[in-house]
Structures are given as C-alpha cells and as structure tokens.
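Biologist: I'm new to this one. Could you take a close look at the surroundings of the ligand for me, and then work outward from there?

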Amino acid sequence: MNKKLFPSIAFGLLATIVAGGAISSCTKSAAKGSDNADIEARVEALLSQMTIDEKIGQLNQLTGVGCTPERVAEIRSGSVGSLLNEVDPDTVNALQREAVENSRLGIPLIIARDVIHGFKTIFPIPLGQAATWDASIVEEGARVAADEASSAGVRWTFSPMVDVSRDARWGRIAESFGEDPYLASKLGVAMVNGYQGDDLSKPNTMAACVKHFVGYGASEGGKDYNTTWIPEPHLRDVYLPPFKACADAGAATFMCSFNDINGMPTNADTHLMRDILRGEWGWDGVMCSDWSSIQQMVPQGYCKDLEAATEAAAKAGVDVDMMSYAYVSSLKNLVEQGKVSEKVLDDLVRNVLRLKFRLGLFENPYVDTANARRFFTESNLAAAQHAAEQSAILLKNDGGVLPLKEGVRIAVTGPMMDAKHDQNGTWCFDLEKDKTVTVLEALNDMYGEGKIVAAPGLTYSRDTNAAGIAAAVAKARTADVILFVCGEEAVLSGEAHCRTDLTLPGAQKEMLRQLKATGKPVVSVVMTGRPMAIKDVVDNSDAILYCFHPGTMGGPAIANVLSGKVNPSGHLPASMPKASAQAPLYYSHKNTGRPAEGMMLMDEVPLEAEQTSTGCTSFYMDCGDGPLFPFGYGLSYTDFNYGPVVLSSEKMDAKNGTITASCEIENTGSVKGATVAQLYIRDLVGSLCRPVKELKGYEKIELAPGEKRTVSFTLNADDLAFYNAANERVTEPGDFQLWIAADSASGEAKGFVVE
Ligand code: NOJ
C-alpha cells in the first residue's frame, strides 16, 4: 500500500464526498472484481494532487531499456506511466521501486508486453487456437500466459487481437481468430477472461488489450498498415462486434490501429472512440495508441506535425501514447494554449489511474521474486499440448492412411520436421527454443528410432537448394509411409510479414512431387501462419493435417493425432484459397446479381470464343469460385451424419420472437470423435444486400461410435439484425434460411419467415 498517498482517514472522507458526486460519465466498468465507487474516489483523490507534468507522464509509455540512470531519472520525475518490454523480475522491481518510493506521488508503473499466444509456454498461434472452436481452451491458454508473464512482472498484455481477417496475404491473420465476427467475438471474450480472471487485482492476472481498434484486418491488398475503406454499416456488422463483445466482457484496455478508415486515422477518430466506444458502449477502460501511431498521423498525411497529431489523438480519446513521445513533448503546450482542455487531459489520466487501481498495483506493486518465473510447469505444458491437439485440422485422408498403422516404418522429412524456432510461430519474444518439442523428436519418442528414418531434404521453408532432396527421397523409399512436414517459417507471417504468393515457399512443392513419385503414401503436415493455397499439396498427398504454428508442444500433439491417440477435431477458422489471387476470401460474402453457375473454366473455352462464352457469372476463369476448403471445415477419423433441421416454428416475430433450430447428429464411424455443429442463417432480402451466410452459433460435441445427440440453437430477433444505411440496428421482416452443418458449405437450407 502506498502510504504516501492514502492516509486512511483522509481517504475515507474523500471517498464519502466523491462517491455521491458525478465522478465518471461512463456507466460500464471494464475489468471485473473492482469496487467502482472506491476506485473512482481514489482516482479523484490522486488526480487532484497531480501537476500537469505528472498527469502527462501517466500517459507516456516507453519501451524498456533496463534500469539505466536516464530511465531512473524519468521515473523519479513522474514522466513515464508505463513501460513495455521489461521482463526481468529484478529489473521490474528496481524500476517499480523508483516509481513507488522515489517519485513525488509514488504512482506505480504498469509493465506491458506482447504476450500473444503464451509467454514461455507457447500455445498455438491465435489462428490455431481459433481452429479448436473451443472457448475453454482459449481461456485456459490466456490464463496460463497470465500466470507465467505476471510472475515476471508483466501485468498488461497487448492481446487479444480480434481483427476480423479475411485476407490471407495479411501476415497478421496469424494473430487473429480468423474471418468471422461471431467466432472472433466468442474467442476474444474467452481470451480476455483468461488474462483478467475474476478479479484483475490478483497479482497473477494481466489486463487484456483488445486490438486493433478498428478495421485493421481490411488493410487494402492484404498489405500491412495500409488504408481501409469501410462503410459504417459494414464496420458495425463485421469489424466492431468482437470489440463490443470484449468491451461488454470487461476488457480493461483497447489499442487503436495503424490504419485509417475512409481517410480518417483511427488515432484521431472521435466518432469511433468517443461516440461509439465510450458513448454507445459505455466502456471506461484505457485506450492505448499503437507503437508510434500518434506520430504516424504525420506521414499518413493527416497532421502537419507532432503537435497537431497530439492534439488530434488527445481530443479523440487516446489515453496512452506508446512510443510517439507526442504527449510528453506537446500536450502541455496544447493545454496551456487552450487547444486541449484540462478536462480532456484529466479524463485521459483518470482512465490510466483507474487501470492502475484495478490492477491492484498500489497494494502490490512488486513482483514476488520468491514465487517468480512460474514457467513450463507440467500442467502448463499439458494445456499447451491439448490446445495444439485440438487445433489440428484434418483436411484430407484418402484410403484411411491416417491414423498411422501399427508397426509401419515412417520416413519423416520436410523443413518443418525439426524446426524448434519456427513451429512456435510469430510473436514469441520470450521463447525458449530448447523447451520446444518437434514432430521428429515426438515421433522418435513414440515409435522408437528403429521405426523412423529421417532427413529434412530442405533446411528451412524458403530453402531453394534442392541438393538434400535426393537423400530424403532415397530414405523415403525405404519406408511404408512418408510424413512430409512442410509449411512456412514463423517469420513469414505476423506484423509486416505479408505475402502475395500463398503457396509453399522454396523448393517444397518440387520436393513433394518427388516424394509422391515414390508411390508410397504421403501424409503432409502443414505448419503455417495463414491459410495457404495448397492445391499442389492436395494433389500430391494422400492425407493432410493442417496445423497453424502449434507452439511448444506441437510435436507431441501432432504425433498423438497422427498415431490416432487423439482424433482430430479442428475446423478451419478461415477459408483456404485455391489460388493466392483469390484473397480476400470469406464465406460470408454477398451473393452478387450473378452468382457463379455453369462455370466454364479457361481450358474449356474454345478458341476465338464469344465475349459471353463463360456464361457471365461471378467466378475466376482459372479457378472457378469458392475456396479449396471452406470456413468451418475439418475431418475426423470417424464420420458424422447430420440429420434434418427441425424448427420450433416457421414464423418468428421481428420484435421479440425466438426460434429454436435442432438437428440430430450421429457418429456413424467406429471411433469416438468430435464435430463442430455450426448454425448459419441468411436474410434473403434486406434494405442493404445481405451475406449468403452468417454464423450465429456453434457447438463442439463429442460422440462415441453409434451415439446420437440433438444440438439445439435458439435465435432471437436481435440475432438476425444488421445495420441499415442509417446505421440503425434492425431486424427486417422477410424470408430467412437456416443451416446446421459441419462447415459453411454443406447442409440443407431450412426456411422461416420473420414478420
Ligand atoms: C505494434 C503492433 O501493431 C501491436 O500489435 C503491438 O502490440 C505493438 N507494436 C507493441 O509491440
């Protein structure tokens, strides 16, 4: 407890006075477990003692440089409020001591870090976690990450990223939950809950930071940091829902994005941050800039200099300046000139102080070094392995080549077979490579080295040196089955790592052709950071297991799936393209006036054919229409039969009606397995054109062989609503269709009417 600031009698008095007054215009409390009135009183008490410089200091976030004399001086003077990228508990404590004991007001620092899919124990990348379609796995992963990272002093993570991502060229699709707003909402909330727990003031929690607000996933051309054009109804239907869900769940912080929307940088967007987020949604958390994103409004061509950028960001409601040095350099001047009001400044500071109180930092500023570094515990590794097992997606299994048969001799090959660094994926700042278990190690362990022959063929995914392929192929000939572990290195996805060619890089395609030519069954295990265009992998493999970079325990997880100890149940959180140039690609597209039909592909078009030869519908001459594998797709070692959909009624009231849809699902195969039952709807006619399908519910169920179970989903009128041209949320009467199916491309439509 910081005695300097809060002598109990004075504080008690102040609390009584302030609790009755209008402390905060916000109604909703971000971050559960806090006593709001008490915290608001403490915020006001502290704020009233602060100088303008100290206020601005709280808004300033700097990156870690260790405990240098310069940094100590900054902290003592109160000119820094939070630090990112300090992860050594002793350094964190030393810096914190300067803030708490040697600054005038003793306000603790917050230590932040990009803990994106695990701190030390690495879980599958978020896109892989989304493939589990299991919120409990995502929540547990975040809880483990919070426990590990907080034991090093990190109490604020810049995660989850809930950007709806429909363009596989965009490297950051790896960090997302994929293309669907409904799935991203459910999993985003789960991650927030995992990080923050039921009480953010507990020292083993972290404040979540929901990012990037907003529309970043729509970056034009799938190129990072690029401009976006998003009409507001579309923004509200597609990009905002996961943020709204996380705000409602009490996410403590948000981060604004690098992009502009329709020409307006999000860092200056008052409508987004003040009208929608704080006004309509009543959220009272901290809005953090992205790294230097306030300053970047200058090159973006929106602000003439740093002072103008500072003014725009402060007025729009960006509370924390991450690494722009904008607020520390210009905000005081702006306040003194009256260009930014003191009220605006105070509100920004309130938000930051509120977070510090909610985190319990005044009571527990220091890392408990006796209990520090809770890394790689048995249960954490088990949770990471379970997540990786559940995220593996079986895309193809001709002739039941998987699971591997008892006693077979396996040739393990490919550049990702033993890739300790790369199987962890993007954003692993705190990775300990030696703790990672690869596919080769796990298979050797499982089958004994006598059953495994191994040669990588290529040393890394971009390797074009084909010299090693012959040796790998020769070894493959001596085996009963070939396991080609291929994909992309970690560095080929993630921030600023966008690609236009979504096929396997390097000489991998050639190597696979040579492996296939041996005539042995080929199982491809594809590890990537994005949905790739793997038509050639499909053509040259008997089975495909698709694993978004699976993390520390990827090896044992994949070995368990290949051997049949675990029956795969992952389903795609994003559509897989047939060709790179299909991006962006998503199931929830509009129908167009000429939906694809009777497609005549390029090779079929006669010479000098007429202009209208292809039939004039919406498709590509060289790859037709639709994905290689649809959103929601994933096979199992068993089969499921989805029975007809039964509706509770064929009519529903547009104001307060509900409708229940049910479907009996049977495991018709011979082993236990899980399927994800997905509920989709279509609004056939709207005042704005509606998507051909929208996910509205899902349930993952496990069934024993021969077992049947009925899944039921109840929809209410609001579940059918969308934003019309006037930005009003409406449920419009008319004809609807509904599906319950194992992916977004199958099932029979069932009609109902909303009146
Ligand atoms: C830039 C990235 O866009 C953001 O996601 C990340 O949290 C910050 N840098 C901090 O590293």
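Modeller: I'll start at the ligand, go on to the hollows in the protein, and finish with sheets and backbone oddities.

First, some ground rules: this is a predicted model, where local features need pLDDT of at least 70 and side-chain atom pairs count only at pLDDT 80 or more, while totals for chains, interfaces and linings use all residues. Numbering runs from 1 along each chain as its sequence is written, and side-chain values use heavy atoms, with hydrogens and water left out.

So, the ligand. Its shell has 13 residues, and the closest are Asp114, Arg172, Lys211, His212 and Asp290; a residue belongs to the shell if one of its heavy atoms lies within 4 Å of the molecule. Sorted by class, that shell holds seven nonpolar, one polar and five charged residues. In this sorting, Ala, Val, Leu, Ile, Met, Phe, Trp, Tyr, Cys and Pro are nonpolar, Asp, Glu, Lys and Arg are charged, and the others, Gly among them, are polar.

Three side chains come with polar contacts to ligand oxygens. A polar contact here is a pair of N or O atoms within 3.5 Å; within protein, one must be able to donate a hydrogen and the other to accept it, and residues adjacent in sequence count only if both atoms are side-chain atoms. Asp114 has a side-chain N or O atom 2.4 Å from a ligand oxygen. For the side chain of His212 that distance is 2.7 Å, and for Asp290 it is 2.5 Å. Taken alone, the ligand would expose 300 Å², and the protein buries 94% of that; accessible areas come from the Shrake-Rupley method with a 1.4 Å probe, and for residues only the protein chains shown count as cover.

Stay by His212 for a second. A bit along the chain, Phe213 and Val214 are joined by a cis peptide bond with omega of about 5 degrees. Val214 sits in the loop between β5 (209-213) and α9. About those labels: helices (H or I, at least four residues) and strands (E, at least two) are DSSP runs, numbered from the N terminus.

α9 leads us to the largest pocket. Its space comes to about 1000 Å³, and 41 residues line it, with Arg236, Asp237, Pro241, Lys696 and Arg729 nearest the centre. Elements giving two or more residues to this lining are α8 (181-196), α9 (232-239), α10 (241-248), β22 (694-703), β23 (708-716) and β24 (722-723). The lining splits into 20 nonpolar, six polar and 15 charged residues. How are these spaces found? On a 1 Å grid over the protein atoms alone, a cavity is a set of points where a 1.4 Å probe fits but cannot get out, and a pocket is an open set with protein on both sides within 12 Å along at least five of seven lines; lining residues have an atom within 4 Å of a point. Grid points are joined across faces, edges and corners, and a volume is the space filled by probe spheres set on them.

There are also four cavities of 30 Å³ or more. The largest is about 100 Å³ and has 13 lining residues, with Gln58, Ile75, Gly78, Ser103 and Ile107 nearest its centre. Both α3 (52-58) and α4 (69-76) supply at least two of the residues lining this largest cavity. The second largest cavity has about 60 Å³, and its lining includes Arg166, Asp167, Pro531 and Ala583. Ala583 has a second claim to attention: its peptide bond to Pro584 is cis, with omega near 0 degrees.

Now the sheets, where strands pair if DSSP finds at least two bridges between them. One open sheet has five strands in the order β4-β3-β2-β1-β10, with parallel pairing. β4 (156-157) and β10 (321-322) are at its edges with a single partner each, so one side of each has no neighbour in the sheet. β1 (residues 60-63) meets β10 over two bridges in the parallel sense, with Asn60 opposite Asp321. Another open sheet of five strands runs β19-β27-β26-β21-β22, with mixed pairing. Its edge strands are β19 (651-652) and β22, each pairing on one side only.

One last backbone detail: Trp133, a residue other than glycine, has a positive phi near 50 degrees, and it sits in the loop between α6 (126-130) and α7 (135-150).
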